[in-house]
Amino acid sequence: MKVDSWEQVAARKRKAVLDSIPAEWIIPDHLLPPKTQDDVTTFPETSGWFTAEELAITNSEALELLPKLASGELKSETVTRAFCKRAAAAHQLTNCLSETCFERGLETARQLDAHLARTGKPVGPLHGLPVSLKDNFNLKGLDATVGFVSHVGVPAAEDAALAQLLQTKAGAVFYVKTNVPTAMMMAETVNNVMGRTVNPLNRRLTPGGSSGGEAALIAFRGSPLGVGTDIGGSLRIPAACTGLFTLKASFGRFPTLGCRSGMPGQEAVQSINGPLARTLGDLETYCRAVIDAEPWRDADPRCLPIPWQQQPSPPSRPLKIAVMWDDGMALPTPPVTRALHQAVAALQAAGHTIVEWSSQDQPQGLDLLNRMFVADGGLAIREEIARTNEPWFLPEMQAYEAASRSELGTRDLWRLHAERQAYQKRYLDRWNAAGIDALLCPTTPYSSVENGKFRHVGYTGVYNVLDQSCISFPTGIKVDAALDKALDMSTYQPMSEVDKMIQSEYHAEAVHGMPINLQLIGRRLEEEKVIAMVKVVLDAL
């Protein structure tokens, strides 16, 4: 019996996703922007292909749509159909989707509309709102390939716990899932199944990873609110590359059961999920909706029974914020450094205390993360790759290919866990000694970066090891090629080889006009507080 090659399987999958888009949502050839057009976010307004109503709906934020959906002023079916069409356009222009379930979404919307008409009450706080999901969230009847050819054609038997909660208790509508890198273990979104997702703000640039498909879709306004995951920066990096808000919560705040992993059973560093949104208000609304549903009761036994605690805004006292200018391994590129200086100056002018934070512990944190990721010698990933003989030609996967020589035994893994615990305590002691409320630093060395050139996850991954609450947020500052010129590499002394590569590859003109995010970090399980503190930073800016 002849077995199909990985190329044939992948090609069929790509065709199936494209074929699932109804003919009326396929962009006519004469309207397609040229391949040389970098920014395609203007397409919906300039093409004439969307109706005025579709544009009004899809340009609205979630908090603008929710009261209209709850009152019946807008039908969920109408809103869902508009976002289905815009998501279809986003995929054709950026390759951001991994699955569609348009009919499921429309049927759910019709049921929600009928419920509202019958009872006069919305189902929940997200009643009728289309919500997009990262590929690894299981939805019944759909694949969750997480970028592996071997997972194509293996549909999920049931919805993930979070998906069940969002639909039945919050009233959300699911209509698409979004592309990820192979095993979800890269900072860009590219795999052998669906290929590469590009940034709608500039298609020469990456939308980051591993939740890059989600970020690209939301930046194009093909979704009002999406859910991704983060194990080393997989929410915060895409948010930074596309100018979105995201929250990396501590493990246990949101349910994670029923999500497919690229490394199943790996718990040395926990994967979490969380929202990607265009506004902080949308992000906070999502968090409250999930936690108010008390997921610890029936969704996921690992969820912590911590109700949502509203924080005072503004805070009752000035904040004490530490600033980390670099992580000791890679200097931020010039626009990120400029944005960080502006944020610090604005906070000081607003009366908040700023202190310096040494990067002395950052290299060990990244080293721990990398060692935990390959504790199995890369076998989990290598075995899935081997099942279909898909190639390792993606340079981002070389670490897992090379790791096959060094699987840890149980005793060595226990030692690694003990080292992690000691590291967490040392970081906590420094935090307490400094008496700080939060730490402000880059999310990544980049605003965004050209496809294939993302080099360093140290700014995000350390806080997965520490399990601290983090937000990546847009500053409102954009890259200016005239201000953000590259360093003079003839005089600059790089911190490391990766720093040398980052600075050498930086081109201000390539990222001109891109939004710049920063990262605010709180203590573990301080999700509500970091949201409140980001409001303070944004007010200052």
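Biologist: What volume does the second largest pocket have?
Modeller: The model is a predicted one. Rolling a probe the size of a water molecule over the atoms shows where empty space is left. For the second largest pocket, the volume is about 410 Å³.

Biologist: Which residues are the closest to the centre of the second largest pocket?
Modeller: The lining of the second largest pocket divides into nine nonpolar, twelve polar and five charged residues. Strand 6 (226–230) and strand 8 (272–277) are the elements that give two or more residues to this lining. Of the 26 residues that line the pocket, the closest to its centre are Cys259, Arg260, Ser261, Gln266 and Ser271.

Biologist: Which strands stand at the edges of the open sheet?
Modeller: Strands of a sheet pair through backbone hydrogen bonds, either parallel or antiparallel. Here eleven strands form an open sheet of mixed pairing, in the order 1-3-2-6-8-7-12-13-11-9-10. Two strands each have a single partner, so one side of each is left without a neighbour in the sheet; the strands at the edges are strand 1 (97–100) and strand 10 (353–356).

Biologist: Which residue in strand 6 stands opposite Ser132?
Modeller: Strand 2 (residues 130–134) and strand 6 run parallel and are joined by two bridges. Opposite Ser132, strand 6 places Gly226.

Biologist: What angle does the direction of helix 7 make with that of strand 3?
Modeller: Helix 7 (residues 161–168) packs on the sheet and touches strand 2, strand 3 (173–178), strand 6 and strand 8. The direction of helix 7 makes an angle with that of strand 3 of about 150 degrees.

Biologist: How are helix 13 and helix 17 oriented to each other, roughly parallel or roughly perpendicular?
Modeller: The axes of helix 13 (residues 362–373) and helix 17 (residues 458–466) are 8 Å apart, and the two helices pack at an angle of about 75 degrees. Residues of the contact include Leu366 and Met372 of helix 13, with Val462 and Tyr463 of helix 17. The contact residues divide into seven nonpolar, four polar and no charged. Angles of 65 to 115 degrees count as roughly perpendicular, and helix 13 and helix 17 are therefore roughly perpendicular.

Biologist: Which peptide bond is cis, with omega near 10 degrees?
Modeller: Most residues other than glycine have a negative phi, and most peptide bonds are trans. Val146, in the loop between strand 2 and helix 7, has a positive phi of about 40 degrees although it is not a glycine. Ser210 is found in the loop between strand 5 (195–196) and helix 8 (212–219). The cis bond runs from Gly209 to Ser210.

How values were computed. Residues numbered from 1 in each chain as written. Predicted model: local features only at pLDDT ≥ 70, side-chain atom pairs only at ≥ 80, totals over all residues. Heavy atoms only, no water. 1 Å grid on protein atoms, 1.4 Å probe; cavity = no way out; pocket = protein on both sides within 12 Å on 5 of 7 lines; lining within 4 Å. Points joined across faces, edges and corners; volume = space filled by probe spheres on them. Helix = DSSP H or I, 4+ residues; strand = E, 2+ residues; numbered from the N terminus. Nonpolar A, V, L, I, M, F, W, Y, C, P; charged D, E, K, R; others polar. Axes fitted to C-alpha atoms, helices over the stretch in contact; angles between N-to-C directions. Parallel < 35°, antiparallel > 145°, perpendicular 65-115°, else oblique. Contact = heavy atoms within 4.5 Å. Pairing = 2+ DSSP bridges.
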